[in-house]
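Here is a short briefing to read alongside the structure. Keep the viewer open and follow the residue numbers as you go.

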Amino acid sequence: MAKKEETISMIDTLAEFKELKNIDKDTMISVLEDSFRNVIAKMFGTDENYDVIINPEKGDFEIWRNRTVVADDELEDSNLQLTLTEARKIDADCEVGEEVTDEVHFADFGRRAILNLRQTLASKILELQKDSLFAKYKDKIGNIIAADVYQVWKKEILLLDDEGNELLLPKTEQIPTDFYRKGETVRAIVQRVDNYNNNPKIILSRTDKLFLQRLFELEVPEINDGLITIKAIARIPGERAKVAVESYDDRIDPVGACVGMKGSRIHGIVRELRNENIDVINYTSNVSLFIQRALSPAKISSIRVNEEEHKAEVYLRPEEVSLAIGKGGLNIKLACMLTEYAIDVFRDVEGADEEDIYLDEFSDEIDAWVIEALKNTGCYTAKSVLAMSRDEIIERADLEEQTVDEVLAILSAEFEEEVEEREEKEEDETQE
């Protein structure tokens, strides 16, 4: 009766293994067969003459022993040989020298062997599960996944994926305004997978820059298709972010595509990030222009860039300084992170003159590409251009002499008119 119970116990064990996830059938059969063969080899010295057949679908197994038939008085090894008399009980037509196969019942090996097998199998299956989990999530690093909150702790949240695997979202990787209850679904990226002592630990993140990038890829088809590339991201989670984008198709406005009609595309990202304010700007390889765009919405008067030391000095009108720095210094901090330049902001005393005018305001008289060329020299206002010599403008802006002369004439004329108007006004006031 005991043997029957042990056999039933082994079948139950196989049925348990059949239900295990993340382990393919071939691997499971291989592990089971190896475990059986190890026990057989320990008991009989070899497992070479045994066939182990595993049927994971039914949850059962068979063990067959192959032995050579010898004369009744020539038996030397009962594990490898079988007497003719015993062999004919299995196959009446067999002769000496032939091979006879008979089924072996594992329960006959004894209770200790069965318990050892169960423990070996349990240990190997657990290792397989851990290896499979590690391999699965190692391939998902940097990808967004969704998981349900199972338990909320002080320093981290325990989540379960759709297969019941445990994932961790540390407090340090949560947006400051994140708040979750048990059962809620969380979206995050797989930041890393630790594997100490074959014990995989999957760490998620919602504060990583890559999480923001993946959200853009989901919301903006042009990014997913490779028509628009995200060149740089600077982010202070839950507060503000700046994203520099570039289009490989001149017909596509990268900023407009990312924002969407009436902000339709970016709104979904902002909601996911707990109303994080996101600025999308056009990327350019021109450092001074990139810094200018990164400091948006502030308008700068002039800029000096030291590319070797990755430093930049930016001069702005007094009223633009607060915009450049931003609330709590966020704007300039993000601009530094985005451009990877240390940016120092200065009040431009000369630029504080109310008469100075931004170059963009001359777009009806000066071609856009000429204005862009002047900006590339670090000049963004009329007076900053006039402060340079003619030859310096020609060299730094790489413009023709005639073009530079026309620009200088337009800018100078603007200030001459203002001077004349002011003088006439002062004269009228004196007469009164």
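The notes below cover the cores, a helix, the strand pairings and the salt bridges.

This is a predicted model. Its largest nonpolar core has 25 residues, and a second, separate core has 23. The structure also holds 25 salt bridges, and one residue worth a visit among them is the buried Arg-206.

**Nonpolar cores**

- In the largest nonpolar core, the residues that touch the most other members are Ile-291, Leu-295, Val-314, Leu-338 and Ile-343.
- Two or more residues of this core come from each of β10 (228-236), α9 (287-294), β14 (311-316), α10 (318-325) and α11 (330-339). The largest share, five residues, belongs to α11.
- Leaving aside residues up to four places away in sequence, Ile-343 is in touch with Ile-291, Leu-295, Ala-312, Val-314, Ile-332, Ala-335 and Cys-336.
- The second core is separate from this one, and Leu-212, Ala-257, Leu-273 and Ile-278 are among its 23 residues.

**Helix α11**

- How many of the ten residues of α11 are buried? Seven are, and the helix is mostly covered.
- Those buried residues are Leu-330, Asn-331, Ile-332, Leu-334, Ala-335, Leu-338 and Thr-339.
- Their cover includes the strands β10, β11 (240-247), β12 (277-282) and β15, together with the helices α9 and α10.
- Just after α11 comes Glu-340, which has a positive phi, near 60°.

**The three-stranded sheet**

- β13, β14 and β15 form an open sheet in that order, with mixed pairing.
- The edges are taken by β13 (302-306) and β15 (342-347), each with a single partner strand, so one side of each has no neighbour in the sheet.
- On average, and ignoring direction, neighbouring strands of this sheet are turned by 15° against each other.
- Five bridges connect β13 and β14 in the antiparallel sense. At one of the paired positions, Val-305 has Ala-312 in β14 as its bridge partner.
- Helix α9 lies across β13, β14 and β15, and runs at about 125° to β13.

**Pairings of β5**

- Strand β5 (residues 144-152) pairs with β8 in the antiparallel sense, over five bridges. Here Ile-145 stands opposite Ala-188 in β8.
- β5 also pairs with strand β6 (residues 156-160), again in the antiparallel sense, over four bridges. In this pairing Asp-148 stands opposite Leu-160 in β6.
- The connection from β5 to β6 is a hairpin of three residues.

**Arg-206 and its surroundings**

- Where is Arg-206 found? It sits in the loop between β9 and α5.
- Arg-206 counts as buried because its relative accessibility is 1%, under the 20% cut-off.
- A salt bridge links Arg-206 to Asp-178, with the closest N and O atoms 2.8 Å apart. The pair links distant parts of the chain, 28 residues apart: Asp-178 is in the loop between β7 (166-170) and β8 (185-196), and Arg-206 in the loop between β9 (199-205) and α5 (209-219).
- Like Arg-206, Asp-178 is buried.
- A polar atom of the Arg-206 side chain also lies 2.8 Å from the backbone oxygen of Arg-187.
- Not counting residues up to four places away in sequence, Arg-206 touches a set of residues including Leu-169, Tyr-180, Phe-211 and Arg-235.

**Other salt bridges**

- Side chains of opposite charge can pair when their charged atoms come close.
- Arg-65 and Asp-102 form a salt bridge through their side chains (3.7 Å, N to O). Arg-65 belongs to strand β2 (residues 60-70) and Asp-102 to strand β4 (residues 99-104), so the pair ties together parts that are 37 residues apart in sequence.
- Arg-65 and Asp-102 are both buried.
- Lys-311 and Glu-309 also meet in a salt bridge, at 3.8 Å from N to O. Are these two residues buried or exposed? Lys-311 is partly exposed, with a relative accessible area of 43%, while Glu-309 is exposed at 52%.
- Salt bridges with shared partners join Asp-178, Arg-187, Arg-206, Glu-272 and Arg-274 into one network.

Methods: Residues numbered from 1 in each chain as written. Predicted model: local features only at pLDDT ≥ 70, side-chain atom pairs only at ≥ 80, totals over all residues. Heavy atoms only, no water. Core = buried A, V, L, I, M, F, W, Y, C linked by side-chain atoms within 4.5 Å. Buried < 20%, exposed > 50% of the residue type's maximum accessible area, 1.4 Å probe, protein only. Contact = heavy atoms within 4.5 Å. Salt bridge = Lys/Arg side-chain N within 4 Å of Asp/Glu carboxyl O. Pairing = 2+ DSSP bridges. Axes fitted to C-alpha atoms, helices over the stretch in contact; angles between N-to-C directions. Polar contact = N/O pair within 3.5 Å; in protein donor to acceptor, adjacent residues only side chain to side chain.
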